[in-house]
Amino acid sequence: MKNNVVTLVSVGAHPTSGRARRAEQDARAVELGLRLAGKDLQVLHAGDINEPALRDYLGMGLPGLQVLEQPAGTDALPGLVAYLRDAGAQLVLTGSQAETGEGSGMLPYLLGEQLGWPVVVGLAEVERIENGIAHVLQALPRGQRRRLSVRLPALATVDSAAPKARQSAYGPSQRGALQAHEVEVVADEWLDTAQLQPARPRPKRLKVIKAKSGADRMKAATAKASGGGGKVLKGVTAEEGAEAILRLLVEEGVVR
């Protein structure tokens, strides 16, 4: 099983400076892979072999990293599917979403569809692998965990609850080898026609007062009434009412 664990990695970006680096979740996926397969772990990247950030992964103690060479803006899916099939991969670990590029988070699901494999979302830990079945822990909201058993081959996206990745050391990062593989370059038709724009913050929700007892509801009601910020609308037209509602939503930051 050791030779059949593959981790997919991408180029990340520092949240403040935007400098290229290893992607946080991808590095956690490498950490899990190293705990499972050690030096036999295969790490795979589709993109430019000359990208300096790839050596951040080698600095984690990897002897080598496989690169499917293709220019930016091309579809990575066909090359990854062909490589994983030929490599006889049994367990593929990925991050849940890229930090650069499209960042849609769709790649793991598209890979699972093309390969016909089950996809485990939010992987926190792989407890053991035996008899062709992986016993894993899935991260749930509020720190909860759920045990799952999945038949191999399978693909899993690693959650931020997974073990933190070890630091990248300079010496191993320079000693590790980057091995290039030629693949058929397929244009990303969707990206060619898409219009990209910077992401905007999500609108915040209005505050909802939650009260369990009648006394709490009365206290909340009186506190809101004494604030003096409300306005009672009586006998107004539909247009005036709509303007008042829109004004409130703008003040609360729900719409801009």
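Select leucine 93 in this predicted model. Beyond its neighbours within four places in sequence, leucine 93 is in contact with Val5, Val6, Thr7, Leu8, Ala29, Leu32, Gly33, Leu123, Ala156 and Val158.

**The nonpolar cores**

Next, display the largest nonpolar core, which comprises 35 residues. Leu93 belongs to the group with the most contacts inside this core, together with Val30, Leu41, Tyr57, Leu62 and Leu123. To trace the elements involved, colour α1 (24–37), α2 (55–58), β5, β6, β7 (119–130), β8 (133–139) and β10 (154–158), each of which supplies at least two residues of the core. The largest share, six residues, comes from α1. Apart from this core lies another, of 15 residues, and Leu8, Leu77, Leu111 and Leu115 are among its members.

**Helix α3**

Leu77 leads to the next selection, helix α3 (77–87). Which residues of α3 are buried? They are Leu77, Gly79, Leu80, Val81, Tyr83 and Leu84. An α-helix has 3.6 residues a turn, so residues three or four places apart point the same way. Show the surroundings of the helix as well: the buried residues of α3 pack against β1 (5–8), β4, β5 (64–69), β6, α4 and β11 (177–182).

**From α3 to β6**

Move now to the end of α3, where glycine 88 follows the helix with a positive phi, near 65°. In the loop between α3 and β6, select glutamine 90. Glutamine 90 counts as partly exposed because its relative accessibility is 24%, whereas a buried residue would have under 20%. Add leucine 152 to the selection: this residue and glutamine 90 are 62 residues apart along the chain, yet their C-alpha atoms are separated by 5.7 Å.

**The largest pocket**

Finally, turn to the largest pocket, whose volume is about 1,200 Å³. Rolling a probe the size of a water molecule over the atoms shows where empty space is left. To centre the view, select Ala76, Ala98, Thr100, Glu102 and Leu107, which lie nearest the centre of the pocket among its 41 lining residues. Two or more residues of the lining come from each of β4 (42–47), α3 (77–87), β6 (91–95), α4 (107–115) and α6 (189–193). Which element gives the largest share of the lining? The largest share comes from β4, with four residues. Colouring the lining by residue class shows 19 nonpolar, 15 polar and seven charged residues.

Note on methods: Residues are numbered from 1 along each chain as its sequence is written. This is a predicted model: local features need pLDDT of at least 70, side-chain atom pairs count only at pLDDT 80 or more; totals for chains, interfaces and linings use all residues. Side-chain values use heavy atoms; hydrogens and water are left out. On a 1 Å grid over the protein atoms alone, a cavity is a set of points where a 1.4 Å probe fits but cannot get out, and a pocket is an open set with protein on both sides within 12 Å along at least five of seven lines; lining residues have an atom within 4 Å of a point. Grid points are joined across faces, edges and corners, and a volume is the space filled by probe spheres set on the points. Ala, Val, Leu, Ile, Met, Phe, Trp, Tyr, Cys and Pro count as nonpolar, Asp, Glu, Lys and Arg as charged, and the others, Gly among them, as polar. Buried means under 20% relative accessible area, exposed over 50%, partly exposed in between (1.4 Å probe, protein chains only). Contact means heavy atoms within 4.5 Å. A nonpolar core is a set of buried Ala, Val, Leu, Ile, Met, Phe, Trp, Tyr and Cys residues joined through side-chain atoms within 4.5 Å.
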